[in-house]
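The following report describes selected strands, helices and residues of the structure shown below.

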Amino acid sequence: MSLPIYLDYGATTPLDPAVAAAMEPWGTAGFGNPHSAHMWGYQAKATVELARDSVASLIGAAPETIAFTSGATESTNWALKGLLTAPGQTRRRIVTLATEHSCVLETAAYLESLGAIATILPVRADGRLDIGDLERALGEDVAVVSAMLVNNEIGVIQPISEIARAAHAVGAVMHCDAAQGFGKVPIDVDAMGIDLLGLTAHKIYGPKGVGALYRRPFTMLTPLLHGGGQEDGRSGTLPTALIAGLGAAARIAGERMAADHAHALMVRNRLLADLTVPYIVNGNLDARWPGNLNLSFPATTIPLLAHLPGLAMSSGSACSAVTGRPSHVLTALGLSDARAKASLRIGFGRFTTAAEVDTAAQQISAAVERLASEAA
C-alpha cells in the first residue's frame with residue numbers, strides 16, 4: 001500500500017538531507033556540552049555560534065540578539081509573558097488578531113488571568129488586518145502588539161511594518177510570530193520595526209524541537225526558564241545537534257528563498273488549474289506565501305479529509321486538529337462552521353512534485369463531485 005501524498009507543509013516539513021548531514025556529527029562524536037570548558041565543549045560551542053550567526057543573518061539581526069528555544073511556541077510565551085511581567089512594566093494591555101496562532105491567543109488569555117487585558121482585533125474577509133482598526137484600538141496602556149507574519153492556516157501575509165509603526169507611535173513593543181515566514185519571505189527586523197520575533201526550524205526543513213527568539217537590545221523580559229542562565233534568560237543545556245540543524249536549515253533557506261518561492265507558486269497554480277470543480281480561496285490569494293493554499297468548495301459542506309485517504313492534508317492547524325472544532329482562523333474570515341470544517345489546507349514545499357499536485361487535484365475533484373452527487 002502506497003503512502004499518502006504529503007501536502008501538509010504548513011504543519012511541518014520533511015527534514016532536508018543536507019540538514020540531517022549537518023546534525024549527525026553533533027549527535028554522536030560531538031556530544032560535548034557547549035557550556036563546558038574543554039575541547040568537546042569548545043567544539044560544540046563553535047557550532048552553536050555558527051548557527052546563531054546563520055539565524056541572525058536571515059532576519060538582518062546581530063547574533064547576540066538571538067536566543068535559542070525549543071520552538072516558536074516557547075519563543076512566543078517568553079516574549080509575551082516576559083514582557084508583561086518584566087520589572088517596571090506598567091502597561092497591561094496586549095493587542096493581537098483573531099487569526100493568530102493559539103500560542104499567542106492562549107498566552108494572552110493566561111496573562112488576562114494575571115490582570116492583563118487582551119484586545120483581539122478582527123480581520124477583513126481576506127484575512128488581513130485593517131490598520132485603521134488597529135490605530136483605533138491603541139493607547140498608552142498597550143504594552144505589546146502581536147501579529148503573525150505569515151498565517152499558518154491561510155498563508156496570508158500581514159503588513160508588519162505598518163503594524164509596527166502604529167505600535168511604536170504609542171510606545172508599545174512589536175512582537176511577530178514568524179514561524180511560517182522565517183526562511184520563506186524576506187525579513188529585516190530593523191526595517192520592519194520588529195522588537196521581538198519567534199521562529200522555528202521544522203517549518204523550513206529543519207528538526208523539530210528547536211527555534212529562537214530575537215530580542216531587540218534593551219527590550220526587558222523576565223526569564224521564562226530559570227536555572228543556569230544560558231541564553232541570557234533561557235536556562236537549560238543547549239541541544240547542539242538540533243541547533244546545528246536550525247543553522248543549516250536557515251543557511252539553505254536563505255540561499256534557496258527565491259527558488260523555493262517560485263517552486264511553491266508553480267505547484268500551487270498547477271493544482272488550481274487542474275481542479276475540475278468550483279472552489280473558493282480562503283484568504284487573500286496575492287498577499288500570501290504561495291506554499292499555503294486554503295480552499296472551500298461550494299458544492300459541499302461535508303468534511304473532505306475523511307474522503308481523501310490518498311492525501312495527507314489538514315482542515316486547520318495541526319495544533320488544533322484533535323479538538324474537532326472548526327478553524328478559528330476561517331470563522332474569523334466569516335465562514336460558517338460547516339464551511340470551515342469542509343475546507344482544506346493544502347501545503348506545498350521544496351519536495352512537492354508536479355505529478356503529486358496533478359494526482360491531488362484529481363482526487364479532490366472526484367471527492368467533491370461524489371459528495372455533491374450523494375447529497376443531491
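## Burial, pairing and contacts

T47 counts as buried because its relative accessibility is 13%, where buried means under 20% relative accessible area, exposed over 50% and partly exposed in between, with a 1.4 Å probe and protein chains only. The model is predicted, so that local features need pLDDT of at least 70 and side-chain atom pairs count only at pLDDT 80 or more, whereas totals for chains, interfaces and linings use all residues. Residues are numbered from 1 along each chain as its sequence is written, and side-chain values use heavy atoms, with hydrogens and water left out.

T47 is found in helix 2 (residues 39-58); helices (H or I, at least four residues) and strands (E, at least two) are DSSP runs, numbered from the N terminus. Not counting residues up to four places away in sequence, T47 touches W26, T240 and A244, contact being heavy atoms within 4.5 Å.

G211, in strand 8 (residues 211-215), is likewise a buried residue, at 0% relative accessibility. With residues up to four places away in sequence left out, the contacts of G211 include A67, F68, L199, A201 and L246. A201 lies 10 residues from G211 along the chain, and their C-alpha atoms are separated by 5.6 Å.

Strand 3 (residues 93-97) is largely enclosed by the rest of the structure, because five of its five residues are buried. Both faces are covered, with R93, V95 and L97 buried on one side and I94 and T96 buried on the other. Strand 3, helix 4 (residues 102-113) and strand 4 make a right-handed β-α-β unit; right-handed means that, with the strands pointing away from the viewer, the path from the first strand over the helix to the second runs clockwise.

The table lists strand pairings, two strands being paired if DSSP finds at least two bridges between them.

| Strands | Sense | Bridges | Opposite residues |
|---|---|---|---|
| strand 3 and strand 4 (residues 117-121) | parallel | five bridges | T96 and I120 |
| strand 3 and strand 5 (residues 142-148) | parallel | four bridges | R93 and V142 |
| strand 10 (residues 292-296) and strand 12 | antiparallel | four bridges | L295 and L344 |

Strands 10 and 12 belong to an open sheet of three strands with the order 9-10-12 and antiparallel pairing. Its edge strands, strand 9 (280-281) and strand 12 (344-347), each pair on one side only. Helix 8 (residues 240-274) packs on this sheet, touching strand 10 and strand 12, and its direction makes about 20° with that of strand 10; axes are lines fitted to C-alpha atoms, for helices over the stretch in contact, and angles run from 0 to 180 degrees between N-to-C directions.
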